[in-house]
Amino acid sequence: MRIGELAKRAGTTTRALRYYEQLGLLPARRAGNGYRAYGEADLRLLRQIRTLQDFGFGLEETRPFVECLQAGHPHGDSCPASLEVYRKKLSELDECIARLQEVRTRVSEQYARAERERDALAAGAASEPPQCEWAAAAVHDRDEWER
């Protein structure tokens, strides 16, 4: 099949396919007329790449899965290198979830404090103006996320 048909069947663009070819993820074969020629195995590679990208994997992270399929394995995650990418991605996700949980806890604490102060103000019992502790924490959290 030609590049346009492959792109359509894979749910992507011809531009993306040429980019994958540049990266060495998609084999570049040419027919006698000079057009790129692809087969069902190439469609399978593209589906593997697209699925992993949908899960948040970068293109370079898809390489071991593609190589595993190209080696003739029934699944892109049948090889040790693919499993290692899964392990690294899970570790990254665990770290991200932990950071988000920390931020959630801090926001929850700020919310509870703000509600208490609001209630105290409503009751006329506030002796000092409410303070926002969030600003300093937000700067710290932003710096952590950018690392």
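Visitor: Before we dig in, what does "buried" mean here?
Guide: This is a predicted model, and the label comes from relative accessible area with a 1.4 Å probe, protein chains only. Over 50% is exposed, and partly exposed sits in between. Buried means under 20%.

Visitor: Then is F57 buried or exposed?
Guide: The relative accessibility of F57 is 8%. The cut-off for buried is under 20%. So F57 counts as buried.

Visitor: How are the rings of F57 and F65 arranged?
Guide: A search of the whole structure turns up 3 aromatic pairs. In the pair of F57 and F65, the ring centres are 6.1 Å apart and the planes meet at 80 degrees. Plane angles over 60 degrees count as edge-to-face, so F57 and F65 are edge-to-face.

Visitor: And F65, is that one buried or exposed?
Guide: Same kind of check, with under 20% as the cut-off for buried. F65 has a relative accessible area of 0%, so the label for F65 is buried.

Visitor: Which parts of the chain does the pair of F57 and Y86 link?
Guide: The two rings are edge-to-face, 6.2 Å centre to centre with 75 degrees between the planes. The residues are 29 apart along the chain. F57 is in the loop between helix 3 (40-54) and helix 4 (59-70), while Y86 is in helix 5 (residues 80-122).

Visitor: Which residues form one aromatic cluster?
Guide: F57 pairs with F65, and F57 also pairs with Y86. Y86 is partly exposed at 28% relative accessible area. Put together, the cluster is F57, F65 and Y86.

Visitor: Which residue lies over the face of F57?
Guide: For a lysine, NZ has to be within 6 Å of the ring centre and within 35 degrees of the ring normal. Over F57 the distance from the ring centre is 5.1 Å. The residue is K89.

Visitor: What about R2, which ring does its charged end sit over?
Guide: Here the cut-off is again within 6 Å of the ring centre, using CZ for Arg. The charged end of R2 is 4.0 Å from the centre of its ring. That ring belongs to Y35.

Visitor: Which parts does the disulfide tie together?
Guide: The structure holds 1 disulfide, joining C68 to C79 with S to S at 2.1 Å. With 85 degrees about the S-S bond, the link is right-handed. C68 lies in helix 4 and C79 in the loop between helix 4 and helix 5, so the tied parts are 11 residues apart in sequence.

Notes:
Residues numbered from 1 in each chain as written. Predicted model: local features only at pLDDT ≥ 70, side-chain atom pairs only at ≥ 80, totals over all residues. Heavy atoms only, no water. Phe/Tyr/Trp six-rings, centres within 6.5 Å; stacked < 30°, edge-to-face > 60°. Helix = DSSP H or I, 4+ residues; strand = E, 2+ residues; numbered from the N terminus. Disulfide = S-S within 2.5 Å.
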